[in-house]
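Q: I would like a close look at one part of this protein, with the rest brought in where it helps. Please keep the wording plain.

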Amino acid sequence: MKLSGSYTVEAVFVMTISVWVMLSCFYTGMYVHDCVVLESMANEWAMKWISSEEKSAAKNWISEEKESIQSNLYIMRIKDIHMKKTTWETRVKISYQLPISLRFLRKILTGGNESCQYQTKRENINPAKVMWDSQLIRE
């Protein structure tokens, strides 16, 4: 009974491909987690800033919250955060990078860009205040 070494060679290829697929799944799962955390924190910041009357409060929040969100993210690295409050809406724009060593996966997740941006906006309308003002106008 003779054994051939071809099974060993085939197993090397199968295991290599399996490891790459598992790494891709892990990185994609961590990326989705980071996207959800980033979206949640950005919306929370926008709501906090809408409720505050001071525009200078945003600078304090940005410096404090940047560190807190970075500790909650797995693979994203926050580069910059911009907050802008206009009459009708509040915008939060977050720039981030993905330091992933797998080039093909980074290209898929970021669209081939070095850095990506997440942007959200919230309306500055407070329904209770609008209703109260409209009742005053009617009287």
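How many residues does the largest nonpolar core have, and which of them have the most contacts inside it?

A: The model is a predicted one. The largest nonpolar core has 26 residues. Those with the most contacts inside this core are L38, W45, I69, I78, I94, Y96 and L98. Several elements take part: α1, β1 (77-85), β2 (89-97), α3 and β3 (115-123) each supply at least two residues of the core. Helix α1 gives the most, with 9 residues.

One core residue can be followed in detail. Leaving aside residues up to four places away in sequence, I69 touches V37, L38, M41, W45 and I78. Of these, L38, W45 and I78 are also on the list of core residues with the most contacts.

It helps to place the core in the whole chain. The protein has 4 helices and 3 strands, and from the N terminus the order of elements is α-α-β-β-α-β-α. The chain has 139 residues, of which 29% count as buried. Among contacts with a separation of 6 or more, 61% are between residues 24 or more positions apart.

Helix α1 also has residues outside the core. V36 lies in this helix, and V36 is exposed, with a relative accessible area of 53%. The C-alpha atoms of V36 and L73 are 9.7 Å apart, although 37 residues separate the two along the chain.

Nonpolar residues are found on the surface too. V19, W20, M22, L23, F26, F104 and I108 form a nonpolar patch there, with about 710 Å² of accessible area together. Both α1 (6-51) and α3 (103-110) supply at least two residues of the patch, and α1 gives the most, with 5 residues. F104 belongs to helix α3. F104 counts as partly exposed because its relative accessibility is 43%, a value between the limits of 20% and 50%. For the protein as a whole, the exposed area is about 10200 Å², and carbon and sulfur atoms supply 59% of this area.

Next come the cysteines. The structure holds 0 disulfides. The cysteine sulfur nearest to that of C35 belongs to C116, 8.8 Å away. A disulfide needs two cysteine sulfur atoms within 2.5 Å, so a pair at that distance does not count. C35 is partly exposed, at 26% relative accessible area, whereas C116 is buried, at 11%.

The last feature concerns charged side chains. Side chains of opposite charge can pair when their charged atoms come close. The count here is 2 salt bridges. In one, E89 pairs with R91, with the closest N and O atoms 2.7 Å apart. In the other, the side chains of E89 and K121 meet at 4.0 Å, N to O. This second pair links distant parts of the chain, since E89 is in strand β2 and K121 is in strand β3, 32 residues apart. The shared partner joins E89, R91 and K121 into one network. The members of the network differ in cover: E89 counts as buried at 18% relative accessibility, R91 as partly exposed at 32%, and K121 as exposed at 51%. Strands β2 and β3, which hold E89 and K121, also each supply at least two residues of the core.

Definitions and conventions: Residues are numbered from 1 along each chain as its sequence is written. This is a predicted model: local features need pLDDT of at least 70, side-chain atom pairs count only at pLDDT 80 or more; totals for chains, interfaces and linings use all residues. Side-chain values use heavy atoms; hydrogens and water are left out. Buried means under 20% relative accessible area, exposed over 50%, partly exposed in between (1.4 Å probe, protein chains only). Contact means heavy atoms within 4.5 Å. Accessible areas come from the Shrake-Rupley method with a 1.4 Å probe; for residues, only the protein chains shown count as cover. Patches are made of residues with over 30% relative accessible area and no salt bridge: like charges are joined within 9 Å, nonpolar side chains (Val, Leu, Ile, Met, Phe, Trp, Tyr) within 5 Å. A nonpolar core is a set of buried Ala, Val, Leu, Ile, Met, Phe, Trp, Tyr and Cys residues joined through side-chain atoms within 4.5 Å.
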